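Q: Could you take a close look at the open sheet in this model and describe how its strands are arranged, and then place the sheet in the rest of the chain?

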Amino acid sequence: MDWLDQIKWDEQGLVPVIAQERDTGDVLMFAWMNREALRLTAEKGEAVYWSRSRQKLWHKGEESGHIQQVHEMRLDCDHDVVLLKITQRGHEPGIACHTGRHSCFFQRLDGQQWTAVEPVLKDPHQIYSK
């Protein structure tokens, strides 16, 4: 059996993927992959996702230069979530979020409101003006 056949794909042929920084353990982002994106990720050693909004493959960093080098791919016990252990490249410290932050999980619930608790490392207009 092909290793891709062991994944429990959803109705749209997608699987949720969590990108975790290998060295710090920080959870950087959540995205989706289809079969081709997961295969390409394994082949390239760099994260390739499926953009649901654009309906196309998305090589992380193709516009921003913030590539995710994949060191390890793990599958959860139910075979329906993939974890990538990555190094975020292209900026030091690494920027994974399109808002210019290290992690997409930069908002914390404080009482009854969400508060941004991580700094913007680079203005998104500078990142995506290429």
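A: In this predicted model, four strands make up an open sheet whose order is E2-E1-E6-E5, with mixed pairing. The edges are taken by strand E2 (27-34) and strand E5 (68-75), each of which has a single partner strand, so one side of each is left without a neighbour in the sheet. On average, and with direction ignored, neighbouring strands of this sheet are turned by 30° against each other.

Strands of a sheet pair through backbone hydrogen bonds, in either a parallel or an antiparallel sense. Strand E1, which covers residues 14-21, pairs with E6 in the parallel sense, and five bridges join the two. Within this part of the sheet, Glu 21 has Ile 86 of E6 as its bridge partner.

Helix H1, made of residues 35-44, lies across E2, E5 and E6, and runs at about 120° to E2. Arg 35 also takes part in a salt bridge, where its side chain meets that of Asp 5 at 2.6 Å, N to O. Because Asp 5 lies in the segment before E1 while Arg 35 belongs to helix H1, this pair ties together parts that are 30 residues apart in sequence.

The loop between strand E6 (82-88) and strand E7 (107-110) holds Phe 105, and this residue joins Val 27 and Phe 30 in a nonpolar patch on the surface, the three together having about 290 Å² of accessible area. Pro 93 is also placed in the loop between E6 and E7, and the peptide bond that leads from Glu 92 to Pro 93 is cis, with omega near 0°. A further backbone feature is found at Gln 55, where phi is near 55°, a positive value in a residue other than glycine; Gln 55 sits in the loop between strand E3 (48-51) and strand E4 (56-59). As background to both features, most residues other than glycine have a negative phi, and most peptide bonds are trans.

As for the wider setting, the protein chain has two helices and eight strands, which follow the pattern β-β-α-β-β-β-β-β-β-α when read along the sequence. The C-alpha trace spans about 45 × 40 × 30 Å along its principal axes. For 130 residues, a compact globule would be expected to have a radius of gyration near 14 Å, and the 15 Å of the protein chain agrees with this.

Terms used. Residues numbered from 1 in each chain as written. Predicted model: local features only at pLDDT ≥ 70, side-chain atom pairs only at ≥ 80, totals over all residues. Heavy atoms only, no water. Patch = residues over 30% accessible without salt bridge, like charges linked within 9 Å, V, L, I, M, F, W, Y side chains within 5 Å. Areas by Shrake-Rupley, 256 points an atom, 1.4 Å probe, with all protein chains shown as cover. Salt bridge = Lys/Arg side-chain N within 4 Å of Asp/Glu carboxyl O. Pairing = 2+ DSSP bridges. Axes fitted to C-alpha atoms, helices over the stretch in contact; angles between N-to-C directions. Contact = heavy atoms within 4.5 Å. Rg over C-alpha atoms; globule rule 2.2 N^0.38 Å.
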